[in-house]
Amino acid sequence: MINSVRMHWLDQGEGEPIVFIHGFPFSSRMWEQQLASLPAGWRGIAPDLRGFGASGHGPAGPYTMDIFADDIAGLLDYLGIPGAVICGLSMGGYVAFALHRRYPQKVRGLVLCNTRPGADTEDARRNRLVQAARARQEGVAPVVESMLPRLFSDLSKRKHPEQVNLTREIMESTSPETMARALEGMAQRPSSEAQLRDIAVSTLIIHGDDDAIIPRGEAQMMARNLRGARLEILEDCGHLSNLEYPGEFNRHLHEFLANLPPYFGELKLA
Ligand code: MLT
């Protein structure tokens, strides 16, 4: 139990920890291709956020990004890990910002994929609350049908129908109540734009040039405002860069991990 909720996570490899945080409405399964090919000396941990995948539900109320961040911090404490590289995709990136705000000492490097630091606009917030109400009344279908066609680039849809199917399967197995509570949580999240100045750890930003959910301009803006961040924009790639281009994604990730400051090198030798 982490923060009184049953938490499920995937844990692969040994060495320096990297935590992979999934987006909405997915699960740890979206990171299988990253966990399977981590470089030697790295341990990948991919939790199912509360309510998602095989994790249990929390008490009533919105699943805020702060609650998810507290769960990640609780998991790290449970595993006896003082700090880790944090890799978050989309909503997972919002959680990474919350984790950095609440537990900066636990964040030793950041990989921000297909995400944005800003809060929702009023329109986006209203739309999320409408979607949350629909999920409760009609089940997951309206969220799946409105999101799925926009998640992959046209090329990825043609080249990797199996990834589209896997994504559909993960989305459809999410409970409507979890969808609703996470939508309410995302609607409440504060802007992390001012926080970008305070992020001093090495950061890699990965985005798709064809991301229909979060425009690539967001990634470019983050790269301008994050000291020394490295930006990789993948061509013909949509919102799920790690599923659409796992080879390229992993190459950038591994290069980033190999070039992290000496702290990591020292620990690896220990
Ligand atoms: C995600 O992929 O996590 C969501 O699209 C994020 C969002 O809806 O803002």
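Which residues line the largest cavity? In this predicted model, the lining of the largest cavity is made up of M65, Y94, F97, A98, R101, R116, P117, G118, R189, P190 and S192. The volume enclosed there is about 60 Å³, and helix α3, which spans residues 91–102, supplies the largest share of the lining, namely four residues. Sorted by character, the residues around this cavity divide into six nonpolar, two polar and three charged.

The count of cavities of 30 Å³ or more comes to two, and the second largest has a volume of about 30 Å³. Its lining consists of I2, V5, R6, M7, D48, L49, R50 and D71, a set that divides into four nonpolar and four charged residues, with no polar ones.

From these enclosed spaces we can turn to the open ones, where the largest pocket holds about 450 Å³ of space. This pocket is lined by 23 residues, and those that lie nearest its centre are Y94, R116, R128, R150 and I213. The elements that give two or more residues to the lining are α3, α4 (122–138), α5 (141–151) and α8 (176–188), and among the contributors α4 gives the most, with four residues. The lining of the largest pocket divides into 11 nonpolar, seven polar and five charged residues. Two of the residues nearest the pocket centre, Y94 and R116, also appear in the lining of the largest cavity.

Helix α3 also has a part in covering another helix, α9, which runs over residues 216–225 and has E218, A219, M221, M222 and A223 as its buried residues. What covers these buried residues includes α3 together with the strands β5 (107–113), β6 (203–208) and β7 (230–234).

Another part of the fold can be followed through strand β3, residues 42–47, which is mostly covered, since five of its six residues are buried. Strand β1, residues 9–13, pairs with β3 in the antiparallel sense over five bridges, and within this pairing D11 has I45 as its bridge partner in β3. Strand β2, residues 16–21, runs parallel to β3 and is joined to it by four bridges, with I18 having G44 as its bridge partner in β3.

The aromatic side chains offer a further way through the model, in which six aromatic pairs are counted. One of them is formed by W9 and Y78, an edge-to-face pair with 5.8 Å centre to centre and 75° between the planes. This pair links distant parts of the chain, with W9 in strand β1 and Y78 in helix α2 (residues 65–79), 69 residues apart. W9 counts as partly exposed because its relative accessibility is 22%, while Y78, with a relative accessible area of 55%, is exposed.

W31 and F249 form another aromatic pair, which is tilted, with 6.4 Å centre to centre and 50° between the planes. Because W31 lies in the loop between β2 and α1 (32–35) and F249 lies in helix α11 (residues 246–258), the pair ties together parts that are 218 residues apart in sequence. W31 counts as buried, at 0% relative accessibility, and F249 is likewise buried, with a relative accessible area of 0%. Elsewhere, ring pairs link F24, F52, Y63 and F68 into a cluster.

Notes: Residues are numbered from 1 along each chain as its sequence is written. This is a predicted model: local features need pLDDT of at least 70, side-chain atom pairs count only at pLDDT 80 or more; totals for chains, interfaces and linings use all residues. Side-chain values use heavy atoms; hydrogens and water are left out. On a 1 Å grid over the protein atoms alone, a cavity is a set of points where a 1.4 Å probe fits but cannot get out, and a pocket is an open set with protein on both sides within 12 Å along at least five of seven lines; lining residues have an atom within 4 Å of a point. Grid points are joined across faces, edges and corners, and a volume is the space filled by probe spheres set on the points. Ala, Val, Leu, Ile, Met, Phe, Trp, Tyr, Cys and Pro count as nonpolar, Asp, Glu, Lys and Arg as charged, and the others, Gly among them, as polar. Buried means under 20% relative accessible area, exposed over 50%, partly exposed in between (1.4 Å probe, protein chains only). Contact means heavy atoms within 4.5 Å. Two strands pair if DSSP finds at least two bridges between them. Rings of Phe, Tyr and Trp (its six-membered ring) pair if their centres lie within 6.5 Å; planes under 30 degrees apart count as stacked, over 60 as edge-to-face and the rest as tilted.
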